[in-house]
There are 2 protein chains.
Amino acid sequence: MKTTPKTSAKVTIFEVAAEAGVSFATVSRVINNDVHVKPETRQRVLKTMQRLGFVANRQARSLAGGKSNTIGLLVPDLGTAYIGEIIRGIDTELSWSDLDLILYTTHRTAAKEANYVANLAHGMVDGLLLVLPRNPVDYIETLTLRKFPFVLIDHQGTAENCPAVGATNWQGAYTATEYLIQLGHERIGFITGSMDLGCSEDRLKGYRSALRTHHIPDKPELVYEGDFFQPDGYAGACALLDLENPPTAIFASNDVMAMGVLDAVRNRGQRIPDDISVVGFDNIPQSAMVYPPITTVQQPLEQMGRVAAQMLINILKKNEKESNRIELPTELIVRSSTSSPRDRAG
Amino acid sequence: MKTTPKTSAKVTIFEVAAEAGVSFATVSRVINNDVHVKPETRQRVLKTMQRLGFVANRQARSLAGGKSNTIGLLVPDLGTAYIGEIIRGIDTELSWSDLDLILYTTHRTAAKEANYVANLAHGMVDGLLLVLPRNPVDYIETLTLRKFPFVLIDHQGTAENCPAVGATNWQGAYTATEYLIQLGHERIGFITGSMDLGCSEDRLKGYRSALRTHHIPDKPELVYEGDFFQPDGYAGACALLDLENPPTAIFASNDVMAMGVLDAVRNRGQRIPDDISVVGFDNIPQSAMVYPPITTVQQPLEQMGRVAAQMLINILKKNEKESNRIELPTELIVRSSTSSPRDRAG
DNA sequence: CGTTTTCATGAAAGCGCTTGCATGATATTT
DNA sequence: AAATATCATGCAAGCGCTTTCATGAAAACG
């Protein structure tokens, strides 16, 4: 007679205990891998659990144990591949642990973000992963004060001294700009990201530093303020190309805007890279698939997710604040959207 | 003196009750919008809660109330924009309710999927959203038996009679194929999706039906079995173009594979759409951004997510099984990867 | 004005589990 | 062999909340 593990009703540790002939406390110990259980007892209990199809009630465990075995992930939105890559990294890392992931979308609303953080930190999750936080100052202090574990992802904090993983934005922008300069470009347009984000600032600074290093004047009219969305890339390109002395290259602060630039340039009947070179940032998958494939600065997004998850898990385990900020290297990926400027004499 | 809502330690309903001068049961009633609370009492309690920065402990509520206010989302992976779009829809809909979202990735492992479902259904979540389920037969019966709320997304069930939202795959494939036929194509290659998924079968059938309607023989060598990933699109295109009498158009069962086809065709020095027309399926964002923009069958992914979430919420609310399967319409999006076949005499 | 109904509120019993403490049962020591 | 240390296990007190039932007060009734 085969005993089916039919989970018809709820099986509690009591039933398992009764079946296995031990007290429910022992069952609990087995669940929690407590050392103080005789191996053979453990085996017996485990088998019984299996046979009865027992699944521990997470809520109860959380309530009694004081932790939820769940971490919260707060993302601004889900519209872009950017976030997707990061989530993938986090998910990969989490799959090794027994932590669950609760996903929250702030829809880029600062108020909502702070609110979520407050609620989440209130016992719903054991730790928090904050992607591209909008107004972290509002709550980081509280979080730190309460020693609530969290890791910031892709946030160039205002020198806050808290766990974060980011990328070398400055370096990436510097390298890309320098690359354009070495190709012979001297008028290089720049489309910024959302300027309330630290990474946007860093990229802009990297761009400016490269110009300075190479003694190229930094003309303010060549910098257009965008917000990381495609339409702004389009608008930025139009604005830059409408200048009486337009740039020969445009460096967009992310790939999505770079695609907007591509569109704009094409719509104006100009060719890439012959007339205008274009560089993006992020290296999201489709940047390689558009035409022409975009030269871009790779941000190790998936890796950032992984590292952040690791950091958080470590903090959770050791119950102490981990090393502070980790910066993962960016890398220039040269593809077909860049070339030396055409002889402008023509 | 302003009382700061410092959430220094945990505030329980007891403290709120004491502060507000009521019993903790009343506080609970306020939290749960129980009718039996005098309006003025409710106000007083609400204010106290605010002042103290009270946040209800979800775990405790779940344990006591028997529901988690959380729904589980099971996705095969996070690598593609396909899933991202669906999640966006779900997220949007959920943001109106007070349900949380726990995300699980099965990494396309059937065993893991069944396992997750078993665990989740065990009180961790109130309902389940299953995207592109792999081997649902394994657990759907159990779920149905136990009346556990769930909705399948993009699953062409084996006539299971359960809540699901999908798209008119057959119709979409039929329309796209017919469109190619009307352009003058007679040899149309087809790259299938993962054949263990119902939608793949439906698309294949739609393709075949269109051929039949137009009295075009259905040559088996023109159908290549893929798995929805880009490399298979590439491989499929190579295989089809290597035929001694190659097709003049290739219809890939999703956009990602269509991009593989694009690559393959380009690498062979042929041009799209001049030499080969290419059609995809899904209309993921980047299908419009690659070169050339791909003609594709739009699947309303975001909407599918939204509708599925709505269905689940309804089931949860009414505590009864909702209408069964909902099919959202697909639509042919004509872009630049298709044209009439070149005069083959040349 | 006394009685019945209505209604806001309080008291208390859990929800399923973790964990510190107590208790026998072995194992170790001299 | 007696005394002590070690270990497996049981007991019971919560974790913070929901919810049923009981209760006293106010409202409605004759």
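Two strands count as paired if DSSP finds at least two bridges between them. Keep that in mind for the sheet in chain A. One caveat before we go on: this is a predicted model.

So, the sheet. It is open, has six strands, and belongs to chain A. The order reads S7-S6-S8-S9-S10-S12, and the pairing is mixed. Which strands sit at the edges? S7 and S12 of chain A, the latter covering residues 331–333. Each of these two pairs on one side only.

Let's go to S6 of chain A, residues 188–191. One neighbour is S8, residues 249–252 of chain A. S6(A) and S8(A) run parallel, joined by four bridges. Within that pairing, A:Gly189 has A:Ile250 as its bridge partner. Another neighbour is S7, residues 223–224 of chain A. Here two bridges make the link, and again the strands run parallel. A:Ile191 partners A:Tyr224 in S7(A).

How does the chain get from S6(A) to S7(A)? It passes through helix H9 of chain A, residues 198–213. This β-α-β crossover is right-handed.

Now the faces of S6(A). Buried or exposed? Both faces are covered. On one side, A:Ile188 and A:Phe190 are buried. On the other, A:Gly189 and A:Ile191 are buried too. So S6(A) has these residues under 20% relative accessible area, the cut-off for buried.

Next, the DNA. Strand D first. There are 27 residues around DNA strand D. Which come nearest? A:Ser23, A:Thr26, A:Arg29, A:Thr41 and B:Ser28. Both chains supply helices here: H2 (24–31) and H4 (58–65) of chain A, and H2 (24–31) and H4 (58–65) of chain B. Each of those helices gives at least two residues to the surface near DNA strand D. By type, that surface has 13 nonpolar, nine polar and five charged residues.

What does the protein meet on strand D? Of the strand's atoms within 4 Å of the protein, 59% belong to sugar or phosphate, and the rest to bases. Three phosphate contacts from chain B are worth showing. B:Ser28 places a polar side-chain atom 2.5 Å from a phosphate oxygen of DNA strand D. For a polar side-chain atom of B:Asn32, the distance to a phosphate oxygen of that strand is 2.9 Å. B:Asn57 uses its backbone: an N or O atom there lies 3.2 Å from a phosphate oxygen of DNA strand D.

On to strand C. Around DNA strand C there are 27 residues, and the nearest are A:Ser28, B:Ser23, B:Thr26, B:Arg29 and B:Thr41. Sugar and phosphate make up 58% of the atoms of DNA strand C that come within 4 Å of the protein.

Which atoms make polar contacts here? B:Ser23 has a backbone N or O atom 2.6 Å from a phosphate oxygen of DNA strand C. B:Thr26 brings a polar side-chain atom to 2.7 Å from a phosphate oxygen of that strand. A base is reached as well: a polar side-chain atom of A:Arg29 lies 2.9 Å from a base oxygen of DNA strand C. H2 and H4 of chain A, with H2 and H4 of chain B, are the elements giving two or more residues to this surface. Its residues divide into 13 nonpolar, nine polar and five charged.

That's the tour. Over to you for discussion.

Technical notes. Residues numbered from 1 in each chain as written. Chains lettered and ligands numbered in written order. Predicted model: local features only at pLDDT ≥ 70, side-chain atom pairs only at ≥ 80, totals over all residues. Heavy atoms only, no water. Buried < 20%, exposed > 50% of the residue type's maximum accessible area, 1.4 Å probe, protein only. Right-handed = clockwise from strand over helix to strand, strands pointing away. Near = heavy atom within 4 Å. Polar contact = N/O pair within 3.5 Å; in protein donor to acceptor, adjacent residues only side chain to side chain. Nonpolar A, V, L, I, M, F, W, Y, C, P; charged D, E, K, R; others polar.
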